[in-house]
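Student: Got a minute to go through this one with me? I've got a handful of spots I'd like to poke at.

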Amino acid sequence: MSSDTGTKKMGLVGLTVLVAVNMMGSGIIMLPASLAQVGAISMLSWVVTALGAMCIAYTFAKCGAFCKRSGGMSAYAEEAHGKSSFFISSYTYYVCLVISCVAIAVSAVGYIKPFMPWLDTPVHTFFGVCAILIITMVANFGGPKITGQISAFTVWGIILPVLGLSVIGWWWFDPQTFMSAWNPHHDTTMHSVSSGIALTLWAFLGIESAGANSDAVENPERNVPLAVLFGTGFAAVIYIASTGVIQGIIPNAELAASTAPFGLVFSHMFNPTVGNIVTLAAVIACIGSLLGWQFTNAQVSKSAAEEGLFPKIFAKTNKAGAPIAGMLIMLVAELLLAVMTISPNLISQFNALLNLAVFINMVPYILSMTGLEVLLRKNKVTPKQYRLGAVVGTLAVIYSIYGVYACGATAVFGGTILMLFGYIFYGFIAARDVKPLESN
């Protein structure tokens, strides 16, 4: 047996597949119905978002390669903006994941509806969302090993149908159906593209973790950025192909009203039984994805607590390594958000949560990506490397700002209020570092 441990490390192909699979989770599951409200012209939104996402992915890959400390996005942000940005990045990312978890639970309820039609009322939908959030949170009490095993298996419940649709769906594709759905509201191209940007950007959230495996990769300075670009590009192709083909199979009005679009398209292509199987697989994928994101968020708050930036209760763990107290606090926040966003229309509720999550997530994105130039200079890269990183990083930030604009006034207003509350919390945290007041 060779003693060379380098052979045990992951190569470019393996890392590319890992990046693509991690990205193609439950983010796509409701998007065909949401994008149908814009029309097939949203294909242009996918193209813009794919280019922007590749810039973001490259920037995070470089930040991960050159930042020698833990903390992820928060650490990158602190490089350029100081300690307060570490907290605000952690806080806004935490809030984003709370919102995202509720949105994923709403997606799961949408796919469960064909099996439980009584979930169609707003109150019953709310109870369904709460039940899923509680069940998945309790399942996380078993620790990271169980959560990882379940998530790694269940994610294929949506990846396989999406891949399958992208390949074989063209046999059922009708160009006339697609063209009739191109621009149903007769909006300008710019307005239509902007309307779809937040929706498509949602599918790429999580891209910030793409460079997190650099320690287990051969030649990480070369392979991590390449794998991120190839993996993101592959995911973009699958996203574009699957949403494009579905808009050429199902009439736009029917697709826009669906709460389980991938189950619906397989019913059109084959029969209701196949559609139900795909729908059930999508529900399982949602559950697994929710399990993983809830645990990820618990770890985000745990890390922040260990840095002294979140209350100490978030750092307490059980024997399995699960921060249960932090999880229960997160669950309360999720249930409160589910109450606040309850809507007569499930698609409307999903879209409202999606826009809010995307805006909130752009805050740590922009803070952290603007730290790349500092990291490049600290690591004394060549002028050519610096120029490339600075140009791509700037394009990534500009695209992220465009993503904020595309979220709409309601999401930006509500998200800004949530972000400003973070500064109140940070005021108390910063005060702990100041010399105590002298008693009179």
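Student: Is S195 buried, exposed or partly exposed?
Tutor: This is a predicted model, and in it S195 has a relative accessible area of 31%, so S195 is partly exposed.

Student: Where does S195 sit?
Tutor: S195 is in helix 10.

Student: What does the side chain of S195 reach?
Tutor: The backbone oxygen of H191, at 2.8 Å.

Student: And how far is S195 from V38?
Tutor: Their C-alpha atoms are separated by 6.8 Å, though S195 and V38 are 157 residues apart along the chain.

Student: OK, V38 again: what does H185 contact, ignoring neighbours within four places in sequence?
Tutor: H185 is in contact with Q37 and V38 once those neighbours are left aside. H185 lies in the loop between helix 9 (175-180) and helix 10 (189-202). Its relative accessibility is 48%, so H185 counts as partly exposed.

Student: How far is H185 from K68?
Tutor: C-alpha to C-alpha, H185 and K68 are 50 Å apart in space, with their positions 117 residues apart in sequence.

Student: What about H186, what's its phi?
Tutor: H186 has a positive phi of about 55°, and it isn't a glycine. For background, most residues other than glycine have a negative phi.

Student: Where is H186, then? And is H186 buried or exposed?
Tutor: H186 is in the loop between helix 9 and helix 10. With a relative accessible area of 71%, H186 is exposed.

Student: What's the phi of K380?
Tutor: Positive, about 55°, and K380 isn't a glycine either. K380 sits in the loop between helix 17 (372-378) and helix 18 (383-406). Its relative accessibility is 75%, so K380 counts as exposed.

Student: Switching to cysteines. How many disulfides does the count come to?
Tutor: Zero.

Student: Why no bond for C63?
Tutor: The closest cysteine sulfur to that of C63 is in C67, and at 7.7 Å that is too far for a bond. The cut-off for a disulfide is sulfur atoms within 2.5 Å.

Student: And why none for C130?
Tutor: Because the closest cysteine sulfur, in C101, is 14 Å from the sulfur of C130, too far for a bond.

Student: Are C63 and C130 buried or exposed?
Tutor: C63 has a relative accessible area of 0%, so C63 is buried. C130 comes in at 10% relative accessibility, so C130 counts as buried too.

Student: What does S368 touch, not counting residues up to four places away in sequence?
Tutor: C63 turns up there: S368 touches F60, C63, M73, Y76 and A77. The side chain of S368 also reaches the backbone oxygen of Y365 at 3.1 Å.

Student: Which helix holds S368, and is S368 buried or exposed?
Tutor: S368 is in helix 16 (residues 346-369), and its relative accessible area is 0%, so S368 is buried.

Student: M362 is on my list as well. Where is M362, and what does M362 contact, leaving aside its neighbours within four places in sequence?
Tutor: M362 is in helix 16. Its contacts are L201, L205, S400 and V404. M362 and V404 are 42 residues apart in sequence but 6.8 Å apart in space, C-alpha to C-alpha.

Student: Is M362 buried or exposed?
Tutor: M362 counts as buried, because its relative accessibility is 1%.

Student: One more serine: where does S107 lie, in which helix?
Tutor: S107 lies in helix 5 (residues 83-112). At a relative accessible area of 2%, S107 is buried. Leaving aside neighbours within four places in sequence, S107 is in contact with I29, M30, C286 and F350.

Student: Last topic, helix packing. At what angle do the axes of helix 8 and helix 14 cross?
Tutor: The axes of helix 8 (residues 156-168) and helix 14 (residues 272-306) cross at roughly 135° and come within 7 Å. That makes helix 8 and helix 14 oblique to each other.

Student: Which residues make the contact?
Tutor: G157, I158 and P161 of helix 8, with V278, A281, A282 and A285 of helix 14. By class, the contact has six nonpolar, one polar and no charged residues.

Note on methods. Residues numbered from 1 in each chain as written. Predicted model: local features only at pLDDT ≥ 70, side-chain atom pairs only at ≥ 80, totals over all residues. Heavy atoms only, no water. Axes fitted to C-alpha atoms, helices over the stretch in contact; angles between N-to-C directions. Helix = DSSP H or I, 4+ residues; strand = E, 2+ residues; numbered from the N terminus. Parallel < 35°, antiparallel > 145°, perpendicular 65-115°, else oblique. Contact = heavy atoms within 4.5 Å. Nonpolar A, V, L, I, M, F, W, Y, C, P; charged D, E, K, R; others polar. Buried < 20%, exposed > 50% of the residue type's maximum accessible area, 1.4 Å probe, protein only. Polar contact = N/O pair within 3.5 Å; in protein donor to acceptor, adjacent residues only side chain to side chain.
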